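Work through the exercises below with the coordinates open. Try each task before reading its solution.

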Amino acid sequence: MDRRPGLSARLKLTLSYAGFLAVAGALLLAVVWAYLLRYVPDNPQGLLGISPNRYLLVHTFAPAAAVAMAFLLVFGLVGGWILAGRMLAPLTRIRDAARTAGTGSLSHRIRMTGRRDEFRELSDAFDSMLGQLESHVAEQQRFAANASHELRTPLSISRTLLDVARKDPTRDRGELIERLYEVNTRAIDLTEALLLLSRGDRGTFTREGVDLSLLAEEAAETLLPLAEQRRITLDVTGGAAPADGSAELLSRMVTNLVQNALVHNLPSGGAVTVHTEADGDTSVLRVENTGPALPPELVATLTEPFRRGTERVRTDEHAGVGLGLAIVQSVVRAHDGSLDLVPRPAGGLLVTVRLPAAP
């Protein structure tokens with residue numbers, strides 16, 4: 001933004017220091033004038049002919065007062081300039097760091113030393129902001145690279161299938177169409193997941209009253225055939241949990257959690273429990289499942305886009321695109337909630353979502 005040039009903060013502080021010192025000196029001289037000279041006789045001979053009169057004192061005092069005022073003004077300007085420079089030195093470091101960050105280098109930190117004051121708190125807050133920005137930019141870069149790779153995979157497979165069919169006209173077209181349909185379906189699912197993730201990150205949706213318990217029952221009813229196919233017990237417990245947000249996004253969040261709990265479970269005989277409750281001004285959704293033991297370092301990466309641990313990679317029809325929990329985290333963050341993932345000692349995962357309750 002183009003702005004008209006103006007006085008620098010250092011010059012303004014210098015003028016303020018000098019002006020304050022000059023005003024203080026003028027007030028002091030005024031007090032001396034008012035309370036000293038008023039008691040000096042104003043006659044040619046002075047008091048008893050031996051003490052100086054007011055005329056002589058004025059002519060003696062005035063030049064000295066003028067010199068003192070000039071000294072105070074010069075001292076105020078020079079001293080104010082030095083003091084302002086020392087006081088604003090931390091701002092210079094913060095400005096340089098901001099300009100460095102403006103060029104795209106987010107790894108620079110101020111790391112101001114010394115005791116805590118307003119400038120130290122400002123520099124610490126700026127360092128924290130730079131750290132968050134660097135982490136966010138790195139995450140977005142990884143996401144873009146992974147999304148490009150994931151989108152390129154089905155396109156490459158489609159191209160290979162079409163090249164094979166073109167070179168071998170006798171190949172079974174039914175098989176080709178079926179494989180192309182599967183690849184295209186996966187690409188569409190990935191694109192829709194990316195769009196939903198972007199929508200959740202932007203937070204552009206209309207808020208309305210939503211009951212998480214009803215969404216949990218709908219998700220369980222929808223995914224019941226999958227649970228029966230895998231011989232997994234699916235239970236929904238608890239009571240009403242009113243929340244304020246997008247019914248579509250929250251429904252997708254609950255569905256992703258339940259489907260994730262079903263897919264990443266024991267081969268058979270597993271269990272999934274979905275529990276909802278209202279806890280004061282918070283609505284709580286818990287999804288707990290059985291399954292293999294998960295190390296904490298793996299659980300910490302499950303909400304990152306396209307991050308799938310080796311224990312959780314699947315090759316069946318529910319392989320997914322690696323965005324299930326990433327979408328859940330995005331939706332929860334857009335609704336000002338919290339998401340906690342805790343590995344169960346006996347195996348499996350306990351996922352807890354807390355959202356602000358609807359007013």
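The exercises go from the whole chain to helices and then to single loop residues.

This is a predicted model, in which local features need pLDDT of at least 70, side-chain atom pairs count only at pLDDT 80 or more, and totals for chains, interfaces and linings use all residues. Residues are numbered from 1 along each chain as its sequence is written, and side-chain values use heavy atoms, with hydrogens and water left out.

**Exercise 1. Overview**

Task: State how many helices and strands the protein has, and what share of its residues is buried.

Solution:
- Take helices (H or I, at least four residues) and strands (E, at least two) as DSSP runs, numbered from the N terminus.
- The result is 8 helices and 7 strands.
- Call a residue buried under 20% relative accessible area, exposed over 50%, and partly exposed in between (1.4 Å probe, protein chains only).
- Of the 359 residues, 32% are buried.
- Now turn to contacts, meaning heavy atoms within 4.5 Å. Among those with a separation of 6 or more, 69% join residues 24 or more positions apart.

**Exercise 2. Helix 5**

Task: Find the span of helix 5, and where helix 5 bends.

Solution:
- Helix 5 covers residues 212-229, 18 residues in total.
- From first C-alpha to last, helix 5 reaches 25 Å, close to the expected 26 Å. The expected span is 1.5 Å times one less than the number of residues.
- The bend at a residue is the angle between axes fitted to the seven residues ending there and the seven starting there.
- At Leu223 this gives about 50°, and Pro225 follows within four residues.
- Leu223 is also one of the buried residues of helix 5, along with others including Leu215, Ala219 and Leu226.
- An α-helix has 3.6 residues a turn, so residues three or four places apart point the same way.

**Exercise 3. Helix 6 against helix 8**

Task: Describe the packing of helix 6 and helix 8, and sort the residues of the contact by type.

Solution:
- Helix 6 (residues 247-263) has 17 residues and reaches 24 Å, close to the 24 Å expected.
- Fit axes to C-alpha atoms over the stretch in contact; angles run from 0 to 180 degrees between N-to-C directions.
- Helix 6 and helix 8 (residues 324-334) pack at about 145°, with axes 9 Å apart.
- From helix 6 come Leu249, Leu250, Arg252, Met253, Asn256, Leu257 and Asn260; from helix 8 come Gly324, Leu325, Ile327, Val328, Val331 and Val332.
- Count Ala, Val, Leu, Ile, Met, Phe, Trp, Tyr, Cys and Pro as nonpolar, Asp, Glu, Lys and Arg as charged, and the others, Gly among them, as polar.
- The contact then splits into 9 nonpolar, 3 polar and 1 charged.
- The buried residues of helix 6 include Leu249, Met253, Asn256 and Asn260.

**Exercise 4. Loop residues**

Task: Place Arg231, Gly269 and Asp336 in their loops.

Solution:
- Arg231 is in the loop between helix 5 and strand 2 (233-238). Its phi is positive, about 55°, although Arg231 is not a glycine. Arg231 is exposed, at 63% relative accessible area.
- Gly269 sits between helix 6 and strand 4 (271-279). Its relative accessible area is 60%, so Gly269 is exposed. Not counting residues up to four places away in sequence, Gly269 touches Arg230 and Arg231.
- Asp336 is in the loop between helix 8 and strand 6 (338-343). Asp336 counts as exposed because its relative accessibility is 59%. Leaving aside neighbours within four places in sequence, Asp336 contacts Arg207 and Pro356.
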